[in-house]
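Welcome! Here is a short guided walk through the model shown below, for someone meeting it for the first time.

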Amino acid sequence: MYCGLMRGELPNVEFKLVDDVAIHITGSGPDLVLLHANGGDHRDFDAIVHTLEKSWRVLRVDWPGCGRSTAVEDPSAYGFAEQLPAVLAKISEGPVVIMGNSVGGFAAIAMASRHPELVKALVLIQPGGFTPRSPLALLACRFVGSSRVSPWAMRAFPRIYLRKQTDTVSAIQKRAVGSAFRPELVTTFAAVWRSFADRRHDSRVFAARVKVPTLLVWGTRDPILPWLIDGRRARKALPNAQLVLFQCGHQAFAEMPDEFLEQVSVFTETHRLLSS
């Protein structure tokens, strides 16, 4: 099915709704799935999708309650991870390469762990689920997810954790301000933040069973998932992963798109050819 474009959307985008999850499709070739962070949507990847769609059939997912996807009663990081395999099975013949950011990275690791037959390779950009479960961290998740704090956090966080200014970053920050005035989006954002305190939001459990080729990408200036803590824990949990560090914040693909594509393209191209 095809629908009109969202404001700021790319032209020639095929829009499909699969189990109430919106998927935005461009390009042709093997399937590359892009999974965004909490509070964002598929447009977070606008700076790189034009290049990717020349070689891939790019499937950009809106998590439930984000973008054009239908809201669910109790959204959570773990719930996203559980739903993803069934959604992709209905739209892709697989196996796919998955590029996931933050909560998207967590879902990608979980899928590769549980359904290795569906995943060709992973590109993990600041994947969630590696934060130490200290009392302070758990309190912070619940605090950010509270009804009073979440609208402020939704507006402020992209200005805090995106450290390099680009047109795409500016668009992400502008959308965050608008989203903070939409109760249904704030409700999802807050619930997902609270879910980060759930014991099931632990990427190390899944990472131990990941066998597919993996590229780990980290921005060393991210204050939300810092390299010295979360990044090093991810590196330890994924010892066979290739590692690329960028001098940026939470979303290297938006903050340093040219450098990101240069570093990541060799890895993705290898697995595109293997998928052909």
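In this predicted model, helices H5 and H6 pack at an angle of about 170°. Angles over 145 degrees count as roughly antiparallel, so H5 and H6 are roughly antiparallel to each other. H5 spans residues 150-161 and H6 spans residues 167-179, and their axes lie 7 Å apart. On the H5 side, the contact is made by Met-154, Arg-155, Pro-158 and Arg-159. On the H6 side, Ile-172, Gln-173, Ala-176, Val-177 and Ser-179 take part. The crossing in which H5 passes H6 is left-handed.

H5 has another helix to meet. How do the axes of H5 and H7 cross? They come within 9 Å and cross at roughly 90°, and H5 and H7 are therefore roughly perpendicular to each other. H7 covers residues 183-195. Ser-150, Pro-151, Ala-153, Met-154 and Phe-157 are the H5 residues that meet H7. Their counterparts in H7 are Leu-185, Val-186, Phe-189, Ala-190 and Trp-193. Met-154 thus appears in the contact with H6 and also in the contact with H7.

Just before H5 there is a glycine worth a visit. Gly-145 sits in the loop between helix H4 (135-144) and H5. Gly-145 is buried, with a relative accessible area of 1%. Setting aside residues up to four places away in sequence, Gly-145 touches Ala-190, Trp-193 and Arg-194. Ala-190 and Trp-193 are also among the H7 residues that meet H5. Gly-145 and Phe-196 are 51 residues apart along the chain, and their C-alpha atoms are separated by 9.5 Å.

Now let us turn to the sheet. An open sheet of 8 strands runs in the order E1-E2-E4-E3-E5-E6-E7-E8, with mixed pairing. Which strands form the edges? They are E1 (14-18) and E8, each of which pairs on one side only. On average, neighbouring strands of this sheet are turned by 20° against each other, direction ignored. Strands of a sheet pair through backbone hydrogen bonds, either parallel or antiparallel. Three of the parallel pairs are set out here.

| Strand pair | Residues | Bridges | Sense |
|---|---|---|---|
| E5 and E6 | E5: residues 96-101 | 6 bridges | parallel |
| E6 and E7 | E6: residues 119-125 | 4 bridges | parallel |
| E7 and E8 | E8: residues 242-246 | 5 bridges | parallel |

Individual residues show how these strands line up. Ile-98 stands opposite Leu-122 in E6, and Leu-122 in turn stands opposite Thr-214 in E7. One place further along, Leu-215 has Gln-242 in E8 as its bridge partner.

Why is E7 described as largely enclosed by the rest of the structure? The reason is that 6 of the 6 residues of this strand (residues 214-219) are buried. In a regular strand the side chains alternate between the two faces of the sheet. In E7, both faces are covered. Thr-214, Leu-216 and Trp-218 are buried on one side, while Leu-215, Val-217 and Gly-219 are buried on the other.

Helices lie across the strands too. H9 (residues 227-237) makes a right-handed β-α-β unit together with E7 and E8. H9 lies across these two strands, running at about 175° to E7. Another helix, H2 (residues 77-89), lies across E1, E2 (21-27), E3 (31-35) and E5, and runs at about 50° to E2.

Finally, two residues stand out for their backbone angles. Most residues other than glycine have a negative phi. Asp-20, although not a glycine, has a positive phi of about 70°. Asp-20 is found in the loop between E1 and E2, and at 43% relative accessibility it counts as partly exposed.

The second is Ser-102, whose phi is near 60°, again a positive value in a residue other than glycine. Ser-102 lies in the loop between E5 and helix H3 (103-114). Is Ser-102 buried or exposed? Ser-102 has a relative accessible area of 11%, and the cut-off for buried is under 20%, so Ser-102 is buried. Leaving aside neighbours within four places in sequence, Ser-102 is in contact with Ala-37, Ile-125, Gln-126, Pro-127, Gly-128, Leu-225 and His-250.

Notes
Residues are numbered from 1 along each chain as its sequence is written. This is a predicted model: local features need pLDDT of at least 70, side-chain atom pairs count only at pLDDT 80 or more; totals for chains, interfaces and linings use all residues. Side-chain values use heavy atoms; hydrogens and water are left out. Buried means under 20% relative accessible area, exposed over 50%, partly exposed in between (1.4 Å probe, protein chains only). Two strands pair if DSSP finds at least two bridges between them. A crossover is right-handed if, with the strands pointing away from the viewer, the path from the first strand over the helix to the second runs clockwise. Axes are lines fitted to C-alpha atoms, for helices over the stretch in contact, and angles run from 0 to 180 degrees between N-to-C directions. Angles under 35 degrees count as roughly parallel, over 145 as roughly antiparallel, 65 to 115 as roughly perpendicular and the rest as oblique. A crossing is left-handed if the near helix is turned anticlockwise from the far one by less than a right angle, and right-handed if clockwise. Contact means heavy atoms within 4.5 Å.
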